[in-house]
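Dear colleague,

I am passing on the structure below, and after it you will find notes on the spaces in it and on a few local features. Please read them alongside the coordinates.

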Amino acid sequence: MEVIKISPRGYCYGVVDALTIARKAAKDQTLPRPIHIIGQIIHNRHAIDELTTMGVVTLDGPNREEILAQVKRGTVIFTAHGVSPEVKQRAQEQGLTCIDATCPDVTKTHDLVKDLVEDGYYILYVGKKGHPEPEGVMGEIPGHVSLIETEEDVNALQLTPEQEEKIAVSTQTTLSQWDTRRVIQYIKEHYPQASVHVDICAATQTRQEAVAEQAKGADLTIVVGDPRSNNTNRLVQVSEELAGVPAVRIEDLSQLDQTLLIGKKRVAVTAGASTPSQLTREVIRFLEQYPDGTTASTKNNEEAPITNGIHITFSGSQP
Ligand code: SF4
């Protein structure tokens with residue numbers, strides 16, 4: 001099987017930093033125990049499991065304030081997605097030791113929207129409902145912001161004349177740049193006076209552009225990543241919509257449905273910014289040893305050992 005290893009892919013610097021901070025905290029015996037992470041440090045089950053074995057407990061829930069209410073003592077770590085000032089203040093009021101693993105690119109957006117509101121702007125923040133990053137950014141400027149996910153949200157806006165006069169647009173860091181452009185275009189049609197700031201981070205942009213370019217000509221794109229990872233899901237979308245290549249998201253090799261490989265000669269592989277490299281390497285190694293899908297048949301299934309120790313059932317000839 002020919003494998004197109006899309007590059008860049010996988011971990012971004014914000015995720016690496018957040019994991020380093022959490023691992024360091026786990027080893028630091030001077031920090032009050034227990035140590036809780038408020039939400040998923042990054043959206044990846046494998047990374048969370050690793051921290052759990054180090055004694056760092058992940059608490060998840062619909063919003064950061066509710067999660068924080070469960071913690072009575074010890075240390076809390078805020079995730080790469082950032083939190084609102086209110087959450088930080090509550091943690092201090094609860095007497096908790098706080099460690100902030102917010103990605104600097106997210107912090108940049110927090111600072112930007114605060115400055116814009118100080119300058120008298122009303123913010124239309126383009127982001128995903130229910131995702132922790134918009135929750136944190138919007139918490140910086142309550143009463144001065146509306147969350148926009150689709151064109152329908154623009155239609156539903158009921159702004160005062162004062163708000164309409166000075167509008168600024170800001171965005172979540174991990175959106176599809178093409179979807180975002182479309183929504184912003186729609187905003188501009190309704191509010192031509194809007195000042196636009198696209199805050200999609202460089203890591204997200206380069207990973208999306210790599211898929212749009214490099215997946216072209218592949219029969220299938222496999223995106224390794226967690227279902228809750230927004231940037232992972234956007235890579236699936238980019239492959240299908242921009243490169244014209246069907247795509248599937250898997251968390252790891254164990255989720256790969258081999259019937260998808262039947263009839264395939266070239267498979268592109270990429271990974272979300274929160275996917276541990278080891279998981280992607282396992283998928284690539286597996287595919288490189290897999291027979292060209294055009295010669296493999298679904299008959300005569302037999303089990304063959306793979307060098308990484310995982311036993312996988314192959315269809316047809318051995319790799
Ligand atoms: S995807 Fe972008 S914003 Fe999110 S952690 Fe990585 S670098 Fe930071």
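**Pocket, cavity and local features**

The largest pocket holds about 220 Å³ of space, and please keep in mind throughout that this is a predicted model. Its lining is made up of 13 residues, and those nearest the centre of the pocket are G127, E149, L175, D179 and R234. Two elements give two or more residues to this lining, namely α9 (177-190) and α11 (230-243), and the largest contribution, 4 residues, is that of α9. Sorted by class, the lining of the largest pocket has 5 charged, 5 polar and 3 nonpolar residues.

Turning to enclosed space, the structure has 1 cavity of 30 Å³ or more, and the largest cavity contains about 280 Å³ of space. The largest cavity is lined by 23 residues, with C12, V15, H81, T174 and N231 closest to its centre. The elements that supply two or more residues to this lining are α1, α5, α10 and α11, and the largest share, 3 residues, is that of α1. By class, the lining of the largest cavity consists of 10 nonpolar, 11 polar and 2 charged residues.

Where does the ligand lie with respect to these spaces? The space that the ligand takes is the largest cavity. The elements that give two or more residues to the shell around the ligand are α1 (13-27), α5 (104-118) and α10 (202-214), and α1 provides the largest share of that shell, with 3 residues. In full, the residues around the ligand are C12, Y13, G14, V15, C103, D105, V106, T173, T174, C201, A203 and T204. This shell comprises 7 nonpolar, 4 polar and 1 charged residues. C12, V15 and T174 thus appear both around the ligand and among the residues closest to the centre of the largest cavity.

Two peptide bonds deserve a look when you prepare the model. As general background, most peptide bonds are trans. The bond between S7 and P8, however, is cis, with omega at about 0°, and P8 is placed in the loop between β1 (2-5) and α1. A cis peptide bond also joins R33 to P34, where omega is about -5°, and P34 belongs to the loop between α1 and β2 (35-38).

In the loop between α3 (64-69) and β4 (75-78) you will find V71. Is V71 buried or exposed? The relative accessible area of V71 is 1%, and therefore V71 counts as buried, the cut-off for that term being under 20%. V71 and L96 are separated by 25 residues in sequence, while their C-alpha atoms are 8.5 Å apart in space.

Finally, helix α12 covers residues 277-289, 13 residues in total, and its span from first C-alpha to last is 19 Å, which is close to the 18 Å expected at 1.5 Å a residue. Which residues of α12 are buried? They are L279, T280, E282, V283, I284, F286 and L287. For reading such a pattern, it helps to recall that an α-helix has 3.6 residues a turn, so residues three or four places apart point the same way.

With kind regards

Terms used. Residues are numbered from 1 along each chain as its sequence is written. This is a predicted model: local features need pLDDT of at least 70, side-chain atom pairs count only at pLDDT 80 or more; totals for chains, interfaces and linings use all residues. Side-chain values use heavy atoms; hydrogens and water are left out. On a 1 Å grid over the protein atoms alone, a cavity is a set of points where a 1.4 Å probe fits but cannot get out, and a pocket is an open set with protein on both sides within 12 Å along at least five of seven lines; lining residues have an atom within 4 Å of a point. Grid points are joined across faces, edges and corners, and a volume is the space filled by probe spheres set on the points. Ala, Val, Leu, Ile, Met, Phe, Trp, Tyr, Cys and Pro count as nonpolar, Asp, Glu, Lys and Arg as charged, and the others, Gly among them, as polar. The expected span of a helix is 1.5 Å times one less than its number of residues. Buried means under 20% relative accessible area, exposed over 50%, partly exposed in between (1.4 Å probe, protein chains only). A residue is near a molecule or strand if one of its heavy atoms lies within 4 Å of it. A molecule sits in a cavity or pocket if more than half of its atoms lie within 2 Å of its grid points.
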